[in-house]
Amino acid sequence: MAINWFKYSAPSTFYGLAGKMIPWFAIPSVVLFAVGLYIGFFVAPVDAVQGEAYRIIFIHVPASILSMFLYLVMAGYAALGLIFNTRLSSMMATALAPTGAMFAFISLWTGALWGKPMWGAWWVWDARLTSELILLFLYFGFIALHASIDDPRRADRAAALLAIVGSVNVPIIYFSVKWWNTLHQGSTIKFTGTSMHVAMQEAMFITLLACWFYAVAMALIRVRSIILERERNNLWVSELKEVNS
Amino acid sequence: MSVVEFFNMGGYAFYVWGSYGVTLLAFVIEILMVRHKRKITLQQVRLMREAGEEA
Amino acid sequence: MNQLSIFKLLNLVIRRDLLLAMRRRADVLTILVFFVLVVSLFPLGVGPEMDMLRKMAAGVLWVAALLASMLSLGRLFSADYLDGTLEQMMLAPQSLSVLVLGKMIAHWFVSGLPLVLMAPVLGLQFDMSVPALLVLMLSLLLGTPILSMLGAIGAALTLGLRGGGVLLSLLVLPLCIPVLIFGSGAVEAVTSGLSVVSNLSLIGALFVLCLVFTPWVTAQALRISME
């Protein structure tokens, strides 16, 4: 390995750091959820067009944004791991995937529950919904490929390549679905252009932050397990106090 | 706004609480899974170490 | 080692793979039969109303072509992997990307081209008009090579894995969605009297994009899987 120009890129050092960082993400996440949902449910007014149902937005939009954002972050980490052969970034990519897939699922679920009262159907082949579904498939592909390769090094590298190919494809898929959707005007139902109240924007932004903190906390806990699993033959692992207790 | 009114969500109770309920469920399941994985991993590491000490 | 030009090398790889494929003609036929079978199942499932069948013909044929080309992908590298040829190819001084491109082209000749030739016959089952059939063939002609190229990435990544076939489809099918959309979109455009140029040129763009990048990406995937 090259010189350790970034101390915390060594899994043994990062293990301890991650442990210290988890509460700094988990606690703000809980607080921000409480504040964001309080504003969302008690301060933000009822929407003129959509009534109370619009309040799904405070979880639907953050989940959708994070599911896409996490895919890009995951592909970025995977690419770093592939190019510079840094083990930790590959582990981070693996740790992020399940959380990203979960947000994609929440986005689809809440989208369906929002669509039913607003559009009259659980599912419409809207460009965004369809792309989100495909994104979920891409997450499944990443997780499944990683899980089916026994050698961790090959698993990291193969999944990384898939993630990169997938992230190049995401915009192509999005625009092709959007274009396909405009061709089939029959099923297109557009959002009504209501201007958002300031409190609505605030609440949405705060829950977005809360989701982000949550995702980081989850990834950190998961990456700690992955580090332990991969490094279990090393001396530093057997000297940890959680192992000795 | 009364409590009943709040939970009724202007008739959209099923949709709104269905969204938040499933989200909460997903979060709880993920947290449990992550903690379970940590427990299992620690157990494995301990087993490995004990096997190593005996050898 | 004498210097081989790229085209000579391509020619060699393609001829070798085609020769091997011809020795196992049953495999090629299986794919074709699968394609015909899937397409023929649809009218039985949705009913024989000609109006509806005409509407869904392009989509059905395209989805069936997509599934049929998934079937043969598992064999793209596995035979060479098992008998050690692939290892020799990676050690060879020639560019692995070019070798991979040759294998992709050979794969298309065996599994893509028969589908293109078979498609108009099946289109008649769905009462498609002659211009629609021509556009369908054209879109398949441009689109099926993309399926072979994208599929090769998946085949290289899942090389030698248990349950590789299902995994391969899970990895590759989402990536193929744009091809499906533009391919069946072109046929739909011609039946509703619109211009097919935009659809076909978008498939053409995807084709060029894949031609440039996928051989290299597949070569990288092979290196990852083989080390």
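**Entry 1: terms and model**

I began by noting that a helix is a DSSP run of H or I of at least four residues, and that helices are numbered from the N terminus. I also recorded that I was reading a predicted model.

**Entry 2: chain A as a whole**

I looked up the secondary structure of chain A and found 8 helices and 0 strands. Reading along the sequence, I wrote the pattern down as α-α-α-α-α-α-α-α. I then took the extent of the C-alpha trace of chain A along its principal axes, which is about 60 × 40 × 30 Å. Chain A has 245 residues, and I noted that 45% of them count as buried. Next I turned to contacts in chain A between residues at least 6 apart in sequence; of these, 78% join residues at least 24 apart.

**Entry 3: two residues with positive phi**

I recalled that most residues other than glycine have a negative phi. I therefore listed A:Asn85, a residue other than glycine whose phi is positive, near 60°. Where does A:Asn85 lie? I located A:Asn85 in the loop between α2 and α3 of chain A. Is A:Asn85 buried, partly exposed or exposed? I found 14 other C-beta atoms within 10 Å of A:Asn85, so this residue is partly exposed; the exposed class needs 12 or fewer, and the buried class 20 or more.

I made a second entry for C:Asp127, which is not a glycine and has a positive phi of about 60°. I placed C:Asp127 in the loop between α7 (113–125) and α8 (130–157) of chain C. C:Asp127 counts as exposed because it has 12 C-beta neighbours inside 10 Å, and exposed residues are those with 12 or fewer.

**Entry 4: which chains touch**

I checked the pairs of chains and found 2 in contact, of which chains A and B share the most contacts. Chain B and chain C are joined by no contact, and I recorded 23 Å between their closest C-alpha atoms.

**Entry 5: chain A with chain B**

I recorded 30 residues from chain A and 22 residues from chain B in this contact. On the side of chain A that touches chain B, I found at least two residues from each of α2 (57–84), α3 (87–119), α6 (198–230), α7 (235–238) and α8 (241–244). Which helix gives the most to this side? I identified α3(A), with 10 residues. Sorting this side of chain A by class, I obtained 16 nonpolar, 6 polar and 8 charged residues.

**Entry 6: chain A with chain C**

Here the contact takes 22 residues from chain A and 20 residues from chain C. I found that α4 (127–148) and α5 (152–183) of chain A each supply at least two residues of the side that touches chain C. The largest share of that side, 13 residues, comes from α5(A). By class, I noted 16 nonpolar, 4 polar and 2 charged residues on this side of chain A.

**Entry 7: a helix pair in chain C**

I noted that two packed helices are described by the angle between their axes and the distance between the axes. For α9 (residues 164–191) and α10 (residues 197–226) of chain C, I read an angle of about 155° and axes 8 Å apart. That angle makes α9(C) roughly antiparallel to α10(C), because angles over 145 degrees fall in this class. I recorded their crossing as left-handed. Among the residues that meet, I listed C:Phe182 and C:Ala186 in α9(C), and C:Leu202 and C:Ile203 in α10(C). The residues of this contact divide into 9 nonpolar, 3 polar and no charged.

Technical notes:
Residues numbered from 1 in each chain as written. Chains lettered and ligands numbered in written order. Predicted model: local features only at pLDDT ≥ 70, side-chain atom pairs only at ≥ 80, totals over all residues. Contact = placed C-beta atoms within 7 Å. Nonpolar A, V, L, I, M, F, W, Y, C, P; charged D, E, K, R; others polar. Axes fitted to C-alpha atoms, helices over the stretch in contact; angles between N-to-C directions. Parallel < 35°, antiparallel > 145°, perpendicular 65-115°, else oblique. Left-handed = near helix turned anticlockwise from the far one by under 90°.
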